[in-house]
Amino acid sequence: MDEILVSISCITFNHAKYIRQALDSFLSQKTNFKYEILIHDDASSDETPEIIREYQEKYPDIIFPILQKENQYSQGKRNISGIFNFPRARGKYIAMCEGDDFWCDENKLARQVAYMEEHEDCSMCCHSAKIVQMDDSFRTVNEIHTYGETRKLEPSEVIAKKTNFPTASLMFRTEYAKKLPAWYFDCPVGDIPLHLIMQMHGYVYYMDEIMSAYRTGDANSWSNNMDENREHWTRHQAAMKKLFEAFDKDTGNKYSEEIKDALMRNDFLIALKLDELKVLREKRYRKYYMELGALDRRLLLLKYYCPFLYDFLRKIRIFMKRSSL
């Protein structure tokens with residue numbers, strides 16, 4: 001009981017508006033085991049460091065922060081968790097949650113640990129999440145259900161998944177995060193290579209229960225910054241191809257078909273991000289188009305064939321949303 005069982009990895013950058021809710025959601029967890037909170041703040045320019053210090057003073061035996069003076073991401077260090085938090089994790093398991101997300105179930109850690117303790121061949125456990133929209137972007141869904149039921153996932157469902165796992169849902173075995181391959185650090189985002197690494201060491205278990213919240217539309221989020229920069233998406237596309245090629249080599253081409261499927265889906269989704277809507281007419285992408293929700297498909301067709309009407313309806317929606325606030 002004196003040993004730490006779970007290390008919570010939290011990375012922050014200008015999350016002053018959200019970090020209290022994240023930390024409170026960690027500290028409210030009901031467990032019969034000890035856990036630690038490892039925070040890495042990447043030289044925030046707002047009050048995030050001060051808030052972290054405040055919490056660290058209250059919980060010095062639980063919260064262990066690294067408060068950078070210089071921004072590490074701008075120096076090319078992309079996967080901050082793998083560089084600064086995973087190496088110092090003392091728990092048997094690592095649970096992830098970024099500073100602008102939070103957990104909404106006080107039994108989340110206990111439930112995931114209970115399953116993984118009983119199933120030693122399970123390398124990672126994840127779950128569904130609710131979406132908290134922070135801007136006027138149009139969303140057709142308010143929850144992330146990567147799969148429709150609680151179950152063990154097949155390798156193909158992890159490698160070529162239709163929807164990404166919410167970061168704040170991830171729990172995995174620390175031992176597999178201590179020796180990360182080079183291709184983990186070469187990828188611009190840490191989640192996908194992490195999923196692949198865990199698939200190499202066991203199986204992934206999915207709980208179709210909402211136990212975390214994912215914020216989207218915040219100006220400081222990685223995905224929002226990417227949306228504004230076409231060059232970033234092009235680099236991201238090339239990096240993902242390089243990632244999957246390295247994973248394919250390390251697994252002896254065992255998952256080549258799944259990797260081909262994943263890359264095709266990635267190309268299709270990036271094309272939509274870049275408004276290259278001609279992909280909607282290409283037969284090779286038909287499968288990925290049909291994976292989208294019915295409303296999403298209709299909106300994309302409207303945007304492609306009647307862009308002026310699409311923009312008009314979008315402006316009306318934004319106006320109505322702001323008027324209701």
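These are my notes on a glutamine in a loop, a strand and two nonpolar cores in a predicted model.

**Entry 1: Q29**

I started with Q29 and asked where it sits. Its place is the loop between α1 (19–27) and β2 (34–41). Next I wanted to know: is Q29 buried or exposed? Its relative accessible area is 7%, and since the cut-off for buried is under 20%, Q29 counts as buried because of that value.

Then I checked what the side chain of Q29 does with its polar atoms. The backbone oxygen of D105 is 2.9 Å from a polar atom of that side chain. On the nitrogen side, I found the backbone N of L109 at 3.0 Å from a polar atom of the Q29 side chain.

I also pulled the contacts of Q29, skipping residues up to four places away in sequence. The list reads Y35, W103, D105, E106, N107, K108 and L109. So both backbone partners, D105 and L109, turn up in that contact list as well.

**Entry 2: strand β10**

On to β10, residues 203–216. How many of its residues are buried? I get 11 of the 14, so the strand is largely enclosed by the rest of the structure.

I went through its pairings in turn. With β6 (residues 122–133), β10 runs parallel over 11 bridges. With β5 (residues 102–103) the sense is antiparallel, and 2 bridges join the two strands. β8 (residues 151–152) also pairs with β10 in the antiparallel sense, again over 2 bridges.

For individual partners I noted A213 of β10, which has F102 opposite it and also K130 opposite it. Further along my list, R151 has Y206 as its bridge partner in β10.

A reminder to myself for reading strands: in a regular strand, side chains alternate between the two faces of the sheet.

**Entry 3: the cores**

Which residues have the most contacts inside the largest nonpolar core? They are F86, F165, L170, F172 and F244, in a core of 38 residues. Elements giving two or more residues to this core include β6, β10, α7 (191–201), α9 (230–250) and α10 (256–273). β10 from the previous entry is thus back on the page, as a contributor to this core.

I took F86 for a closer look. Leaving aside neighbours within four places in sequence, F86 is in contact with S9, S81, I94, M96, F172, A177, K178, L180, Y184 and L194. F172 in that list is itself one of the residues with the most contacts inside the core.

Last lookup: there is a second, separate core of 32 residues, and C10, I51, Y115 and M211 are among them.

Note on methods. Residues are numbered from 1 along each chain as its sequence is written. This is a predicted model: local features need pLDDT of at least 70, side-chain atom pairs count only at pLDDT 80 or more; totals for chains, interfaces and linings use all residues. Side-chain values use heavy atoms; hydrogens and water are left out. Helices (H or I, at least four residues) and strands (E, at least two) are DSSP runs, numbered from the N terminus. Buried means under 20% relative accessible area, exposed over 50%, partly exposed in between (1.4 Å probe, protein chains only). A polar contact is a pair of N or O atoms within 3.5 Å; within protein, one must be able to donate a hydrogen and the other to accept it, and residues adjacent in sequence count only if both atoms are side-chain atoms. Contact means heavy atoms within 4.5 Å. Two strands pair if DSSP finds at least two bridges between them. A nonpolar core is a set of buried Ala, Val, Leu, Ile, Met, Phe, Trp, Tyr and Cys residues joined through side-chain atoms within 4.5 Å.
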